[in-house]
4 protein chains.
Amino acid sequence: MGSTWGSQLKVSVFGESHGKGIGVVIDGFPAGFSCDMDFISRELARRAPGQSSLTTGRREEDRPIILSGILENTTTGAPICIMIPNTDTQSKDYEALRAVPRPSHSDYTGKTRYRGHNDIRGGGHFSGRLTAPLVFAGALCKDFLRRKHEIEIGSHIYSVGEAADRAFDLVSIDRELLIRLQQETLPLLDHDAEEKIRGTVEQARKELDSVGGVIECAVVGSAAGIGSPMFHSVESRIASMLYSVPAVKGVEFGLGFALAGMRGSEANDCYQLEDGSVKTKTNCNGGISGGITTGMPIIVRAAIKPTPSIGREQTTLNLETGKEELLRIQGRHDPCIALRAAVVIEAAVAVAMLDLYLEAFGYDAE
Amino acid sequence: MGSTWGSQLKVSVFGESHGKGIGVVIDGFPAGFSCDMDFISRELARRAPGQSSLTTGRREEDRPIILSGILENTTTGAPICIMIPNTDTQSKDYEALRAVPRPSHSDYTGKTRYRGHNDIRGGGHFSGRLTAPLVFAGALCKDFLRRKHEIEIGSHIYSVGEAADRAFDLVSIDRELLIRLQQETLPLLDHDAEEKIRGTVEQARKELDSVGGVIECAVVGSAAGIGSPMFHSVESRIASMLYSVPAVKGVEFGLGFALAGMRGSEANDCYQLEDGSVKTKTNCNGGISGGITTGMPIIVRAAIKPTPSIGREQTTLNLETGKEELLRIQGRHDPCIALRAAVVIEAAVAVAMLDLYLEAFGYDAE
Amino acid sequence: MGSTWGSQLKVSVFGESHGKGIGVVIDGFPAGFSCDMDFISRELARRAPGQSSLTTGRREEDRPIILSGILENTTTGAPICIMIPNTDTQSKDYEALRAVPRPSHSDYTGKTRYRGHNDIRGGGHFSGRLTAPLVFAGALCKDFLRRKHEIEIGSHIYSVGEAADRAFDLVSIDRELLIRLQQETLPLLDHDAEEKIRGTVEQARKELDSVGGVIECAVVGSAAGIGSPMFHSVESRIASMLYSVPAVKGVEFGLGFALAGMRGSEANDCYQLEDGSVKTKTNCNGGISGGITTGMPIIVRAAIKPTPSIGREQTTLNLETGKEELLRIQGRHDPCIALRAAVVIEAAVAVAMLDLYLEAFGYDAE
Amino acid sequence: MGSTWGSQLKVSVFGESHGKGIGVVIDGFPAGFSCDMDFISRELARRAPGQSSLTTGRREEDRPIILSGILENTTTGAPICIMIPNTDTQSKDYEALRAVPRPSHSDYTGKTRYRGHNDIRGGGHFSGRLTAPLVFAGALCKDFLRRKHEIEIGSHIYSVGEAADRAFDLVSIDRELLIRLQQETLPLLDHDAEEKIRGTVEQARKELDSVGGVIECAVVGSAAGIGSPMFHSVESRIASMLYSVPAVKGVEFGLGFALAGMRGSEANDCYQLEDGSVKTKTNCNGGISGGITTGMPIIVRAAIKPTPSIGREQTTLNLETGKEELLRIQGRHDPCIALRAAVVIEAAVAVAMLDLYLEAFGYDAE
C-alpha cells in the first residue's frame, strides 16, 4: 500500500525497472477530456535520459501504451491505465548487490522490508524510472488544469551544488515564462547561471562523483479557497506527493526555511486590491495560508540529493560475510538527478492540485 | 475532510478556539495499554502558554476530559476521545476581522473556503490552540512507542531568527538526551545559545514584532524496514502530518536542503557493522532510504514562520469597502511560536510513527 | 480504525455505553447550513428507548451537546462534534460477563479482539447506544439533502417476525409519505399490519424472548448519475454503512434476493419519458444500475436480527472454568430492536448519500 | 475513484471490454510468496465463458500477462500488475446504444455519469469481463490464505430461479468439500439439484430470457478476533467488495434475512468447548458477531440478478427522439450469470479477508 495515492483522483503506480514494464492507473480523472498526446510525449521526453550531454548516456524510449480509459484521445471516465515497456534491460549480475548494499540506495532497506524478495535489478520498484508513469499522470493533470482552469505549472533549476539560478518573483509569475521553462532542457530563469551549473555537473562527473540540486516549482492561476485546514492542508497534500519522488529530502513553501530567520513584519503578506481582485503585496507564504490557497502563485521548492550511484570507490558492508568491502559502482549514471527532476516535481504538484480541485468542485472539476 | 488523518491509526481533531471545547478522537490505538497520565499532562503543559517569560501571558489550563476509550488509565481498544474545555474566551468584537483580514492569517482564506461562515473568534478551527489535542494524541503514541518498542522521540530549538543551537549528532543520539530535552522549557543542545535566543525573542517583542525558528526532531530506536516506497514513504507520512501544524512552512529530513549543495561522495551513508547490527557511518539521509527506515535515528527539521499576529501597524484590505486600511492587532501574542512548537512537532512525528508501526506489525503493534 | 467512515464526509463515532459520553465528529460537512435543531431532536427521540410500550422501559435522554462546528445553529465548516453524556449507567457487576459471554453478543469477539481490555459495561463501544451519534449525523445530512437537493429519506417496518407490512411502491413514492413515516412511532404503510406486529412483539416479550424484523428505506429525489462503478458503487457505499449498524445481517437493493428467482424479462427496468424526464417503468433495481443512480427511488432493505439479550435461560461457556453454564440475562431489553431501527437505517443511508453528493458536486454540494 | 479498494491491500482494477486490455494492480501483497500459477489459471478458467453448455458460446482466453510484482513466480513486495489482453472484440455498431439504452444495463447511468464519454462497446468498464482481474487478485489471496493461514474459501450455487441446492451446514464445513466445489463446473452440494437447475437455465435460454440465482460462500479456518466494530465490521468490508460485482443486488450473512423472522432463542449462537477451542453450537450469525470473527465458518450469500441482456423484445426509450422503441439485443449471452459467479464471489471475499488479515497481523500477515 505504498504506491497508491489520492482522495478523489487515485494514482496507482506499478512496475519494476527490469520487469515487463512500468505504468500507472489513474482513477477518477474527469470524462470527456480531449488529451493533448503531443504535450504528454514532450513531458515524458523531458524526463527521459539522454536529453542533454549532462545526463546519462542510456537511451530509453518512454512510449506509453494506453491500456484503458482513453478512447480516440478522449478520456472515458474509466480508470486510465498506461504501460511503458521496459527495453534495454541487460540484467547483469545484480545478485551481488543483495549481499553488498550500495550506500544511500534502497538496497538494504528494501531487502529488510521485503525480506530479501524485492527485485533488485536496476533498483526494482525503487528505481527513478518509476517516475515516468508519474510524469504521464502529471502531464494529463497539467493539461486539464491548463485548459479547464487556466492554471499553469512550471519549474526551474534553482540550484545545483553551489551554483544558483535566481528565484521566482513570488508575486508575479508570467504564464508564458512557465511554458517557456517547460520547453528547456536546462530550465533556468537566468541563463547566465547556465555555465556555472554546467561546470559544476561536469566537474562532479569528471571526478566520478555526483551533485545535488533544488527545483523551484510554481503554480499560477489557482483559485483562492482551495484546500482544507490541518491534515489536508495544501502543503500536506503537495508535500506527501513530493516526498514520494526518490531523492527528495526537503520541501518548503514560499520562503520556507528562510522564514525561520525573519521577522513577522517582513514575512506577513499584506492584502491589497489589484484589478478588482484580492492579492497580497508579498507572497512569503507561497500562496497558501492556513492550509488553503490565497489565489497567489503557489511556490514550492524540493531539495534533491546527489545521485547515490557514483563511480568512486566507496566502502560498504557485505551482509553475508559481515566484513566491510570496497565498492565501485559500474555503469553510466546521471551525475545530477536534479537536472531531470523538474518535470517530475511539476507532475507531483499537478496530480496533487487536480485532486484538490476534484474535492472542491466535484467529479468533473468544472 | 481536513481534520482526519491516518491509515491504521485515525486521528480526528475537532474544535474551535472560542467554542465549547477542542479535542480529538483516536481510532485504532492498541487495547490494554496502561497510560502514563502524568506524562501526558507534562506534555500538554509543555505546549501551554505561560510556561516561560518569553511566551504569551495568557493562561490556559489544558485539562483533558476523557470521554471514551480509556478506563482506569488503560486503553480499551475503542476510539479514545478527549475534550479540552475552552475557558478564558472573551469574545470581543471579532466581527471586524471578517471585513479586515489579518495578514498571513487564515482570515481571508478561511472566509473564502467556508463562504464567510467559519467561526473567526480566536482563529476558530485554524487556531494554534488546536495543536493541544494533537499533543495529547502524540503523548499517548510517544508513551506507547517508548514502552513497547524502546523508541524515543525528542527535539530541540535548532534556531530562532539568526540565533542557532548546534545540530543533533545525526549518527548517535542518546535516549537520555531526548528525555532531558522533553523536560526543558527552552530545549537546547548547547545552552550557550540560550542567551542569544532569548535576546532575539525579547528584541522582537520589544519592537512589537515576532520571529521565526526551526525545530529539529529525532526518533531514536526505530526498527529498520518500516515504511514503504513512493507515496507512503516515511518522509511522505511524517511530512503530511507536520504540514498540518499551523505555521510550518518547511520540512527536511537528514541534511535536507544542505544535501542539494553536496557531492554524492559526501552525502552517501556507508554501511558498517556495529555491535553486531547494520549501521551507517554517517546519517545524511536522516534514517530513511528509499522511503524506508534504516534503523538509524530519524532526523526531521520543521521551519516555523514568525507569529503572524504582531503589535506593529500593518496595512491590509477592507474587503467591504475595497480600501486599504491600517491594522494594529491588539492582545498578547507569542513573539515566537517556535518556542512552544517542539512538543507539537514531536507529537506529529509520534502519531505518524505509530501509524507506521501498526501497519508493519498489526492491530497491537507488538 | 473501525469507527471512522467516509470519503468526503468523514464520520468518526466515539464512546462507550457506560463511559462519560458518546458522540461523533463529522468532518467535511458544508459550511453555512442553518440546522433545524428541532428536527434533529425529533430524530434522536425516534431512536431513544421508551417511545412506545413495545420498547424497553429504560429512559435515556439523548441531549446532544455541541462542542464544535455549529455556531448559532449554522455550520461553520469546521468538524462538527457533538457529545451525548451517559446518564443512568448503574454499572452493576459486569465483570461476570468477561468469563461468561452472552450468546450472539460481542462479549467473546470483543474480548478476543481487544485481549480482554474492552469496556464491557453495557456493551461498551459495541452497544446499540452508539447508534445515537449516527442518528445525529444522519439527521443533519437528511436535513441538508432535503433543503438543498429536495431529497427525502424515509423508511417503514417491513416485517417483524412473520408479520408483514406491505412493500413500498418502488416506482412512485410520495415525499409526504416519507415525512409522515418519520413522525410515526410505528412507521407502517398499511396500518392494518399494526395489530399483528404488536401481537408478535408482545408474544415474544411475554415468552422472555425477542424477535427480528426488516426495515425498508427509500430515498426519493436523488439525481441520476451519482456514484461510480465497481468498488464505489452506490450499493457498496450504502451497504458498508448499513453493516456498521449492530444487528444488521442482510442488505438488499430493489427486489434484492427476490431478483434471484426472477426472469430477466420481469426484472429489467425499461426506460420511458415521464414529464420530460427519463424514468423506468418498473424499479426492480432499486434506483441503481451499474452502481450509479438512475434517478428513480433508491430502495434498500436491512434485516435486523432478534435482540440477542433475552430473559430466557440459555447455555453458554464459562471461559475460565471451561464448563458450560446456564445464563439468564437480567434487565429490561427491547424485545424487537427493529422497531427502533428505522431512524438508524435512514441515518446510515443519509450519511452515505451526502458523501456521494459531496464527491459529485464538491465541498459545498450545491 | 470507483475502481480502487482496500485499506492495507489496495486493489485497483482497470480496463474496458473492447480496449487494449483489462487488469489489476494489487498493492500491499506480502513479499516472498511463491504463487501457484496453475491454481490461478484454473480460477480464471472457472470464470471464463464457454466452460459449460449452459454459458455463452463466446470464447475468451484469460491469459494474464504479469507486468510487475512477481519474479520467478514469487511476489517481490512491489505492486503486482497483471494485464489480460482483449481479443475477440468485434466492435459492431455500438453507437446505436448511446441513443437507445438497454434496460437494466449501465448504458443510461454510465452515459449520465460520464456525460456521454464512456466507452460503451461491450459495456466498457461496466462489463462483467472486468471481474476477471478481480478473480486473479482473489486467487492470489485465496492461495495465500490457504497456505499461510489454513483458510479455505469456497462456494456453491445456492439457487437458480426456483431451483435450489441445499444450504451449507453452517457449523461444520469440510475444507475438502470447499476444494471439491472449486473444481466443479456447476458447484453444488446436492447433485440431485443439478437437473432442475439445468432445466431452469435451458428453459430460460429457449425462451430468449435469462434467470437469476444466489451464490453461497463459506470461509473456513479464520481466526477469531479479526475485524472491528462499526464501520469496519467484517460484514461492511465483505459487503462493500461484493456489491462491486456487477449484478449483485443482495448480500446476507449467516441466516441473513431469515433471522428477521426468527426468535432470539433460536437465533442466538451459544458457546461451547470443542476440542479445546471455543465454538458456537449453531452459527446463525455466519461467523461474525459485533463485526468481528468468532472463528466459526463465515457464511455469506449474494443474490445475482438475471442477465439483463435477453433476446426477447423489450421496450426502451430513444434518448434522441424521446420516443419509445422496441429493442432486441443480438448476440450470445449467458442465460444465467450466477452460474459463472461463484469464483467471482469467492475472489471478492478472499480479497476482503486478506485485507483484514494484513490489518490484524501487519505487512507480512504472518
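**Figure 1. Strands β2 and β3 of chain C pair in the antiparallel sense.** In this predicted model, strand β2 of chain C covers residues 10-15 and strand β3 of chain C covers residues 21-27. Six bridges join the two strands. One position to look for is Gly15(C), which stands opposite Ile22(C) in β3(C). Strands of a sheet pair through backbone hydrogen bonds, in either a parallel or an antiparallel way.

**Figure 2. An open sheet of five strands in chain C.** The strand order is β1-β2-β3-β7-β4, and the pairing is antiparallel. The β2 and β3 strands of chain C shown in the previous view are thus seen here with β1 on one flank of the order and β7 followed by β4 on the other. The edge strands of the chain C sheet are β1, residues 4-5, and β4, residues 65-68. Each of these edge strands pairs on one side only.

**Figure 3. The contact between chain D and chain C.** Chain D contributes 99 residues to this contact, and chain C likewise contributes 99 residues. The area buried between chain D and chain C is about 7700 Å², and carbon and sulfur atoms give 60% of that area. Three residues of chain D, namely Phe231(D), Lys249(D) and Tyr271(D), supply 12% of the area that chain D buries against chain C. No other three residues supply more.

**Figure 4. Polar and charged pairs between chain D and chain C.** Eight salt bridges are counted between the two chains. In a salt bridge between Glu324(C) and Lys281(D), the closest N and O atoms are 2.7 Å apart. Across the interface of chain D and chain C there are also 59 residue pairs in polar contact, with both residues at pLDDT 80 or more. Strand β11 of chain D, residues 248-253, gives the largest share of the side of chain D that touches chain C, with six residues. By class, this side of chain D has 44 nonpolar, 39 polar and 16 charged residues.

**Figure 5. Strand β11 of chain C pairs with β11(D) across the chains.** Strand β11 of chain C spans residues 248-253. Its pairing with β11(D) is antiparallel and runs over three bridges. At one of the paired positions, Gly250(C) has Glu252(D) as its bridge partner in β11(D).

**Figure 6. The contact between chain B and chain C.** Here 45 residues come from chain B and 45 residues from chain C. Chain B and chain C bury about 3600 Å² between them, with 59% of it on carbon and sulfur atoms. Four salt bridges are found across the interface of chain B and chain C. Glu366(C) forms a salt bridge with Arg115(B), in which the closest N and O atoms are 3.2 Å apart. The count of residue pairs in polar contact between chain B and chain C is 16, both residues being at pLDDT 80 or more. Several strands of chain B, including β3 (21-27) and β7 (80-85), each supply at least two residues of the side that touches chain C. The largest share of this side, five residues, comes from β2(B). The side of chain B that touches chain C is made up of 15 nonpolar, 20 polar and ten charged residues.

**Figure 7. Chain B superposed on chain C.** A rotation of 180°, with 0.0 Å of shift along its axis, superposes chain B on chain C at an RMSD of 0.0 Å. The two copies are therefore related as by a two-fold rotation axis. The same surface serves both copies, and 100% of the contact residues of chain B recur in chain C.

Notes: Residues numbered from 1 in each chain as written. Chains lettered and ligands numbered in written order. Predicted model: local features only at pLDDT ≥ 70, side-chain atom pairs only at ≥ 80, totals over all residues. Heavy atoms only, no water. Pairing = 2+ DSSP bridges. Helix = DSSP H or I, 4+ residues; strand = E, 2+ residues; numbered from the N terminus. Contact = heavy atoms within 4.5 Å. Buried area = accessible area lost by both parts, 1.4 Å probe. Salt bridge = Lys/Arg side-chain N within 4 Å of Asp/Glu carboxyl O. Polar contact = N/O pair within 3.5 Å; in protein donor to acceptor, adjacent residues only side chain to side chain. Nonpolar A, V, L, I, M, F, W, Y, C, P; charged D, E, K, R; others polar. Least-squares fit on C-alpha atoms with pLDDT ≥ 70 in both.
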